[in-house]
Amino acid sequence: MDSSLQLRASHCHPLLPFSTPKLLSSATTATSVSFSLKPEPSSPPPQPPEPGIRRPQILKSTPATKPTHSTTAPSPKVSSNPLRGLTQLSNVPPSSNNTPHSISSKLRLSSKLAPPPPPPPPPPSSPQKSQNETQISEPESVSCEPGGPSQFREEGKIFIGNLPNWIKKHEVAEFFRQFGPIKNVILIKGHNEVERNAGFGFVMYGGPLTDKSAMKAVEFDGVEFHGRVLTVKLDDGKRLKAKAEERFRWVQGSEGEEYRSKWHEDREGSRKALRKVLETEPENWQKVVNAFERIKKPSRREFGLMVNYYARRGDMHRARETFESMRARGIEPTSHVYTNLIHAYAVGRDMDEALSCVRKMKEEGIEMTLVTYSILVGGFAKMCNTEAADYWFKEAKERHTTLNAIIYGNIIYAYCQTCNMEQAEALVREMEEGGIDAPLDIYHTMMDGYTMIGNEEKCLIVFERLKECGFTPSVISYGCLINLYTKIGKVSKALEVSKIMESAGIRHNMKTYSMLINGFLKLKDWANAFAIFEDAMRNGLKPDVVLYNNIIRAFCGMGNMNRAIHTVKEMQKERHRPTTRTFMPIIHGFARTGEMKRALEIFDMMRMSGCIPSVHTFNALILGLVEKRQMEKAVEILDEMSLAGISPNEHTYTTIMHGYASLGDTGKAFQYFTKLRNEGLELDAYTYEALLKACCKAGRMQSALAVTREMSAQKIPRNTFVYNILIDGWARRGDVWEAADLMQQMKQEGVQPDIRTYTSFINACCKAGDMLRATQTIQEMKSMGVKPNIKTYTTLIHGWARASLPEKALKCFEEMKLAGLKPDKAAYHCLMTSLLSRATVAEAYIYSGIVSICGEMIESGLTVDMGTAVSWSKRLRKIERSGGELTEALQKTFPPDWNECHHTTNTDEESGSDDVDEEIYFNHRSMF
C-alpha cells in the first residue's frame, strides 16, 4: 500500500525597510511536497528527500577505510554543518489532512469590500510516483572522495609565479594575450596588503584552441617580466582539488579542528564585532563605519551588510561607494548585494539609478528575486507612479510562480496613494484568492486610502473587519481613524476614538497627538490645540520636529509671533533641527502684516540654522507681500530666487498674477502668464482665475471671455470661482442679462452656485434697478439651502437705497437681524444714507429709524470716518438747519475730532455728496 507524507516548509522573506508606511516584517507561505514510497517486504527503506532539494549523503569514515558511496549509514552529529538540517526527512510525521487549506473558510478583508467568490473545488489527488521517479541523484563531487588532480585541471588555464606585487590585471593580460584570446586573469590578493597581490596568479585562455594557447604560453617559462623571472606552467588542478577536499571534509563533519592563523582569527573577530554593532547600535553611524574599517580583508558578506546598512539609512551615495569599493577588490556582486543597492536608491527616491542597477543585473545574468521586485514596486509607490509600479508587479508575477504579502502590500499602497481604491480592493481579493492572508499592515494601508478620499463608511468597515479576523487594533489602527476624522473636520469624533484607544490600554504617540493638534488648527481652535500639546507633555513624551512645527503654526495663527520665535529657539536647545516648514508660517505671518524687515530676519535665521530655502519658502514671502499689495518688493523676491538658483514654479507666478489682478493691472498679469506658459509650467484653473480677476477688475469683459475660450481649448472646466469672477465683473457694469446668462450656464454644466455667486448676481440686479429679480433671487437662495449673509443683505439694502425706497431698505435690515446676523459698518452706512436721503419728506418712520440706528451704532461702539460724517452732515442740514434731536443723535456716531473740524466743513461745497456716498459704499463692499 502506498503511503503519503507531506512536508510543510515555511520560507521567510525579510522586508527591507521603506519611508513608505511599513508593511509586513516577514511573510510566510506554506508548500506541500508529497512523496510515494513502495516498502520492501522485509523492512522499509528510509524515506528519500524531496526532489527539489539536492542533499549529499553523509558518510561515516574510519581512519582505516576510505568513505564509500552509501545511503544507509547514519550521519555524524556536527553542529557547525548547515546541511545537517536537510537530513532525516523520513522522520517527518505524516499529515492527518491531505487536502489543501480551505480559503473560503477564512475571515477575509475583501468579503466586506465586495461579495466573496464561490469556494474553489477541491484539487484532484496527484498520481502516485514510482520509486524510480522519486530517486534523487547524488552529487558525486561531494558525496565521494575527490579523485586525482588531473580531473580538476581546467583546459587553457596556466599558473604564473614570481609576479611583482604591484602588477595589475591588464598588464598581465597584455603580455599573455600574444598566445591567444584571454578569458580571465586571476591575481591572488595578499593577506596583509589587500591592495597588492601575493606574487602569483592564473591566466585562463578562451576560444576553440585553449589548450594550444596554454602550451605556447608555457614555453615562455623563465621569461623576464618587469624585472622578475616568471614561472609559467600548466595548471595541475591542485588548488581546486584542495578546495574540493576541504569542502568534502566540511560536509563530512570531521571532528578535527582546522588550523587558523592569527590573521584569520583577527579577521573573524572583526567580522563578529561588525555584526554585533549592526544588531545593537545601528544608530551609531561612526561606530558601524569604524567596525567595518577594522576588517582587514572584507568579504562579500561584509560589503553586503554595509550596503544594506546604508540602504536602511537612505544614504544612497555611501551605499554606492561601498558597492564600487567591493567591485574594485575583485568581488563580484550577487543578487542580494544588488538588491540592497536598489533599496538604497528606492529610499532616496532616485528610481532612475535603481533601474540602471536592474539593467546591470540583467546584463550580468543575475536573476532578480522577489525581494528585488518588491523594492521596485515600493519605490515607485512612494513616488505615486502607479504605472511603473504595476509594470514591475506584473513582471514579478511572470517570473515568480508565488508572490508574498509584501509585494502585494506595496502595489496596494501605490493605488491607495493615488486614491484608486477600486483597483486596491481588486488586488486584496486577488491576494486572498491566491491563499495569502492580508496582514495587519494592509488593513492600515486600506484605511489610509479611504481616509484620503474621505470615505468614512469603508474605513470603518475595514477597522471592524480587522477585529473580526483576530487582529488586535494597535496605535496605528486607531491613528488611521483619528486621521480620518481630523481630515473630514469631525474633530469631536477623533477625540472619542482617542478616549476609546486610551480605555483599551493603548497610549498615544507623537503622530496621534500631531493629528489631533492639526485638526484643531484647521478649525482655528488654538485653546484645544495647546491643551493637546500639554497633555502630550504630561504623558512624558518629548516633542519631535512635527509637533514643534504644529505649535509654531498655532502661535502664528494667534498672531503671537514672538512666542513662535521663542519656540524655535527652544526646539534648537532640545537638539531638534528646524526645517523649512518650521520657519514658513513665521515668515508668512510677518509678511502678511507688512513687517518685511522681521520677515527677512527670520529668513536669514533659517539660513543660519542650516535650512536651505526652497521655492515654498520664497512663495511664503511673496504671498505676504502680495496680500499687502507691495508688488515691487514681491518682484524683488523673484530676482533673489534667481540668484539663489531656485526656479519659480506655477504657484509663484500665479501669486504674482493675483497681486496685479487685485490692482487691475491686466498688462502685468498677462506678462507673468506668458512667462509661466513659456517655461512649460502647468496651467490650471487657479492660474486662469488670476487673469479673469484682472480683466474683470479693469472692466475688460471681452478679454475675460477670450480667457474663458482658452480655458475650454485647454480642457480646463470652469468651476464656481471662475463663474463668481465673471458674474461679479458683469455686475460691476450693471449688465444683469449677461449675469443671468452665466447663472443659467452654471446650472446646465452642473456647477453649484454658492453664497458669493448669489450675492454678485443680486448686486447686478440692484445696479440695473431690477429689484424684483433681486428679491426672487433671495427666495431661490433659501430654497436651495443657501442662507444669505451680511454681505448679501447689505447689497440688497444698497439696492433699495438706490431705488429711493428707504422703507424697503429698513424692512430688509430688520429681516437681517431676525436671521441672527449682526450688522456691520457697511450695512449701517447703506441704511443711514438711504434714510437721510428721504428725511426731507418728514415721515415718522424715517425719523424713528434714524434715531434707532444711531442708538444701535453707539451701543455697538461703531463710529464712521470723517468722509462719511461730512456727507451725513450735509444731508442733515437740509432737515435741521439749527440742530435738533436727529443732529444730536447722529453726531454721537461721528469721529471724536468732529467738533474741531465741523467749522471747516461748513464752508465746503455741497456738490458731489452722492459721489462720496457711492465711493464709501464701494470701499466697504471691497472688503467682501
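Asn162 is partly exposed, because its relative accessibility is 36%, a value between the 20% and 50% cut-offs. In this predicted model, you will find Asn162 in the loop that runs between β3 (157–161) and α3 (169–176). Take a look at its backbone too: phi of Asn162 is near 65°, a positive value in a residue other than glycine. Most residues other than glycine have a negative phi.

Arg349 invites a similar look. This residue is not a glycine, yet its phi is positive, at about 60°. Arg349 sits in the loop between α10 (335–347) and α11 (351–363). With 46% relative accessibility, Arg349 counts as partly exposed.

Let us move on along the chain to Arg629, in the loop that links α26 (615–627) and α27 (631–643). Is Arg629 buried or exposed? Its relative accessibility is 51%, so Arg629 counts as exposed, the cut-off being over 50%. Arg629 also belongs to a positive surface patch, where its partners are Lys693, Lys697, Arg756 and Lys791. If you colour the surface by charge, these are the residues to pick out together.

One more arginine is worth a visit. Arg802 is placed in helix α36, which covers residues 790–802. Its relative accessible area is 41%, so Arg802 is partly exposed. Which residue lies 35 positions from Arg802 along the chain, with its C-alpha atom 10.0 Å away? That residue is Ser837.

Definitions and conventions. Residues numbered from 1 in each chain as written. Predicted model: local features only at pLDDT ≥ 70, side-chain atom pairs only at ≥ 80, totals over all residues. Heavy atoms only, no water. Patch = residues over 30% accessible without salt bridge, like charges linked within 9 Å, V, L, I, M, F, W, Y side chains within 5 Å. Areas by Shrake-Rupley, 256 points an atom, 1.4 Å probe, with all protein chains shown as cover. Salt bridge = Lys/Arg side-chain N within 4 Å of Asp/Glu carboxyl O. Lys, Arg positive; Asp, Glu negative; His and termini not counted. Charge placed at Lys NZ, Arg CZ, Asp CG, Glu CD. Helix = DSSP H or I, 4+ residues; strand = E, 2+ residues; numbered from the N terminus. Buried < 20%, exposed > 50% of the residue type's maximum accessible area, 1.4 Å probe, protein only.
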